[in-house]
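Colleague: I would like to learn how to read the features of a model such as this one. Please take them one at a time, with the general idea before the case.

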Amino acid sequence: MSKTVLGTIFCRGFGGALALGISSTPALAQNNAELYGHLNYGFIVADDGDTTTSEFADNSNAVSRFGVRYSMPVGQGTFKFNFETALGLAGSSDWSQINDPEFLEWERTDIRKVDFSYEGSFGKVYLGQGSMASDGITGSDFSGTDGIATSAVADVGGGFHFSDGMVDGSEPTVKSVFSDFDGGRLGRVRYDTPALANGALTLSAAVGENILAEGVDDTVYDLGLVYNGDAGDIQYSARIGSEWTDFDSGGNANSVFGSVAVLHKPTGLNGKIAAGRRDSDGSAVDSDYLYTKIGKRDFSWFAWGNTHLSADFFWANDSRLGGDDGFAWGLQATQEIDNYNAELYFAYRQYQYEEPGLDYQDIDIFMVAARWNF
């Protein structure tokens, strides 16, 4: 599917959405618009074994953003529009020993959502820039620390290079070793089933392309399944997804990934496992990983709000080369500040990587950040 075809679909869909809104004037009195966003900024310190780098940075776990949501009843369903953009601040996954990005540099690729949807008894259809069906599949988490630590461990320090005594930019980066294969946001057509199994189960499917970046014409197809439930004192979430990519240059890749999270509500004890595998056509390297997280939430240590603690671990295999190994572990804390709708984050993580015949030095990263929601 070419960008021209997708562009035609989006334009016609946009026109149809406008027509629905104009033809439903009586419903405008019942419409709903909401402005939202957050600022999520912090300070990062990284030690690659030879040099120490420290910088202020946007928290790439949940970048600072601004958005607007609009909804109105149309026929037997609800029409919705969602625009959302990152602010373009240099993120915690952008910095490195040799890369010093601009403090503020907004680009078209910072647009997260230009999303039209219609929801009814048949389910929900989406059209435009937004989440693919597998976006968030590895994100099941009840720890309360997911604002600073998720299975996407490279969101903090992902741009840093592993050092073998010096860094000139040719060395592997953290983000090239550690990936959770989770789906992303693209220009897409997506369908979600209505809630099944007494509201616990949702199935999704989508097809999309990157319509924001120049020169990227790959077509992506994906599926997602989410099951959320309760069993007495136990709350749980299970998700699984699959993604197929047809590269414009030829060849393809496919990934399967998922996550399971559990919370014991009386004690706040929680845990998570995520895993995935990616096979690339024409490549001898098929990558896989395992991620686990354990924590305890809702400590009432301070009058400001609850405190949440966690530790996590990530094992990566054959990420870049056959026989290579990556390991990361970290400690995290989140402090809620209820009166200001804010959170404080504290995190430490160590990244380790070795290739056959070459063992790089570890990277140690500390980050403190604060998030204010509006």
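Colleague: How many salt bridges does a search of the whole structure find?

Modeller: A salt bridge is a side-chain nitrogen of Lys or Arg within 4 Å of a carboxyl oxygen of Asp or Glu. The search finds 15 salt bridges. This is a predicted model, where local features need pLDDT of at least 70 and side-chain atom pairs count only at pLDDT 80 or more, while totals for chains, interfaces and linings use all residues. Residues are numbered from 1 along each chain as its sequence is written, and side-chain values use heavy atoms, with hydrogens and water left out.

Colleague: Which residue forms a salt bridge with Arg 69?

Modeller: Glu 34 does, with the closest N and O atoms 3.1 Å apart. Arg 69 lies in strand S3 and Glu 34 in strand S1, 35 residues apart, so the pair links distant parts of the chain. Helices (H or I, at least four residues) and strands (E, at least two) are DSSP runs, numbered from the N terminus.

Colleague: Where are Lys 293 and its partner Asp 141, and are they buried or exposed?

Modeller: Buried means under 20% relative accessible area, exposed over 50%, and partly exposed in between (1.4 Å probe, protein chains only). The closest N and O atoms of Lys 293 and Asp 141 are 3.0 Å apart. Lys 293 is in strand S13 (residues 287-302) and Asp 141 in the loop between S6 and helix H2 (174-177), 152 residues apart. Both residues are buried. By contrast, Arg 69 counts as partly exposed because its relative accessibility is 36%, and Glu 34 is partly exposed at 36% too.

Colleague: Which residues are linked in a network of salt bridges?

Modeller: Arg 277, Asp 279, Asp 286 and Asp 288 are.

Colleague: How should I read a pocket, and which residues are closest to the centre of the second largest one?

Modeller: On a 1 Å grid over the protein atoms alone, a pocket is an open set of points with protein on both sides within 12 Å along at least five of seven lines; a cavity is a set where a 1.4 Å probe fits but cannot get out, and lining residues have an atom within 4 Å of a point. Grid points are joined across faces, edges and corners, and a volume is the space filled by probe spheres set on the points. The second largest pocket holds about 290 Å³. Of its 16 lining residues, Arg 69, Lys 80, Asn 82, Ser 117 and Lys 124 are the closest to its centre. The lining divides into 3 nonpolar, 5 polar and 8 charged residues. In this count Ala, Val, Leu, Ile, Met, Phe, Trp, Tyr, Cys and Pro are nonpolar, Asp, Glu, Lys and Arg charged, and the others, Gly among them, polar.

Colleague: Lys 80 is in that list; which residue does Lys 80 form a salt bridge with?

Modeller: Lys 80 pairs with Glu 119, the closest N and O atoms being 3.6 Å apart. Glu 119 is in strand S5 and Lys 80 in strand S4.

Colleague: How many cavities of 30 Å³ or more are there, and what lines the largest?

Modeller: The count comes to 1. The largest cavity has a volume of about 80 Å³. Among its 14 lining residues, Ile 148, Val 156, Ala 347, Arg 349 and Tyr 351 are the closest to the centre. Strand S16 gives the largest share of the lining, 4 residues. The lining divides into 11 nonpolar, 2 polar and 1 charged.
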